[in-house]
Amino acid sequence: MRHTDLFSKPRMTFRLLYLGFPVYEANSHELCMQVATYCGYNQFFILAYRNGQYVGSTGYVAEHIPR
């Protein structure tokens, strides 16, 4: 590990999954939400990764998407 790695900010990546397939990737959860809403997806997941390691996911159903 390089000395500068100790102080670097963790890189977050978010993947939008629709019908089990990754369809979009961004560095913002909000961007994934906007794409899903624009595309009219009624059920989807957003997976979160920190420095390439999976850290969690959230599933959404159209009636429960915060606007």
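**Exercise 1. Classify N51 by its exposure and describe its backbone and its place in the chain.**

Solution. N51 has a relative accessible area of 51%, and because the class of exposed residues begins over 50%, N51 counts as exposed. The model is a predicted one, and the values in these exercises should be read with that in mind. The next step is to locate the residue: N51 lies in the loop between β3 and β4. That loop belongs to a hairpin of β3 and β4 with 2 residues between the strands. The last step concerns the backbone, where the phi of N51 is near 50°, a positive value in a residue other than glycine.

**Exercise 2. Find where L19 lies, and state whether L19 is buried or exposed.**

Solution. Begin with the position, which is the loop between β1 and β2, the latter covering residues 21–26. The phi of L19 is near 55°, again positive in a residue that is not glycine. For the accessibility step, the relative accessible area of L19 is 67%, so this leucine is exposed.

**Exercise 3. Describe the order of the secondary structure elements and the pairing of the strands that involve β3.**

Solution. Start with the inventory, which for this chain is 1 helix and 4 strands, and then read these elements along the sequence to obtain the pattern β-β-α-β-β. Turning to the pairing, β3 and strand β4, which spans residues 53–61, run antiparallel and are joined over 8 bridges. Two positions illustrate this register: F45 stands opposite G59 in β4, and L47 has S57 in β4 as its bridge partner. On the other pairing, β1 and β3 are joined by 6 bridges and are likewise antiparallel, with F14 bridged to A48 in β3.

**Exercise 4. Identify the residues of the largest nonpolar core and the elements that supply them.**

Solution. The largest nonpolar core has 11 residues in all, namely F14, L16, A26, C32, M33, A36, Y41, F44, I46, A48 and Y60. Assigning them to elements shows that β1 (12–18), α1 (29–39) and β3 (43–50) each give two or more residues to this core. The bridge partners F14 and A48 are both members of the core. To set the core against the whole chain, note that 24% of the 67 residues count as buried. As for range in sequence, 40% of the contacts in the chain between residues at least 6 apart join residues at least 24 apart.

**Exercise 5. Count the aromatic pairs, and work out the geometry and surroundings of the Y18 and Y41 pair and of the Y49 and Y54 pair.**

Solution. The count comes to 3 aromatic pairs. For Y18 and Y41, the ring centres are 3.9 Å apart and the planes stand at 10°, so this pair is stacked, the cut-off being under 30 degrees. Since Y18 lies in strand β1 and Y41 in the loop between α1 and β3, the pair ties together parts that are 23 residues apart in sequence. The accessibilities fall on either side of the 20% limit: Y18, at 21%, is partly exposed, whereas Y41, at 17%, counts as buried.

Y49 and Y54 form an edge-to-face pair, with 5.9 Å from centre to centre and 70° between the planes. Within this pair, Y49 is buried at 14% relative accessibility, while Y54 is partly exposed at 48%. The ring of Y49 has a further neighbour, for the charged end of R15 sits over that ring, 4.3 Å from its centre.

**Exercise 6. State how many disulfides the structure holds, and compare the burial of C32 and C39.**

Solution. The number of disulfides is 0. For the cysteines, C32 has a relative accessible area of 0% and is buried, and C32 is also one of the residues of the largest nonpolar core. C39, by contrast, counts as partly exposed at 41% relative accessibility.

**Exercise 7. Place E30 in the chain and relate its position to that of F14.**

Solution. E30 is found in helix α1, where its relative accessibility of 47% makes it partly exposed. For the distance step, E30 and F14 are 16 residues apart along the chain, and their C-alpha atoms are separated by 9.3 Å.

Terms used. Residues are numbered from 1 along each chain as its sequence is written. This is a predicted model: local features need pLDDT of at least 70, side-chain atom pairs count only at pLDDT 80 or more; totals for chains, interfaces and linings use all residues. Side-chain values use heavy atoms; hydrogens and water are left out. A nonpolar core is a set of buried Ala, Val, Leu, Ile, Met, Phe, Trp, Tyr and Cys residues joined through side-chain atoms within 4.5 Å. Buried means under 20% relative accessible area, exposed over 50%, partly exposed in between (1.4 Å probe, protein chains only). Two strands pair if DSSP finds at least two bridges between them. Rings of Phe, Tyr and Trp (its six-membered ring) pair if their centres lie within 6.5 Å; planes under 30 degrees apart count as stacked, over 60 as edge-to-face and the rest as tilted. A charge sits over a ring if NZ of Lys or CZ of Arg is within 6 Å of the ring centre and within 35 degrees of the ring normal. A disulfide is a pair of cysteine sulfur atoms within 2.5 Å. Contact means heavy atoms within 4.5 Å.
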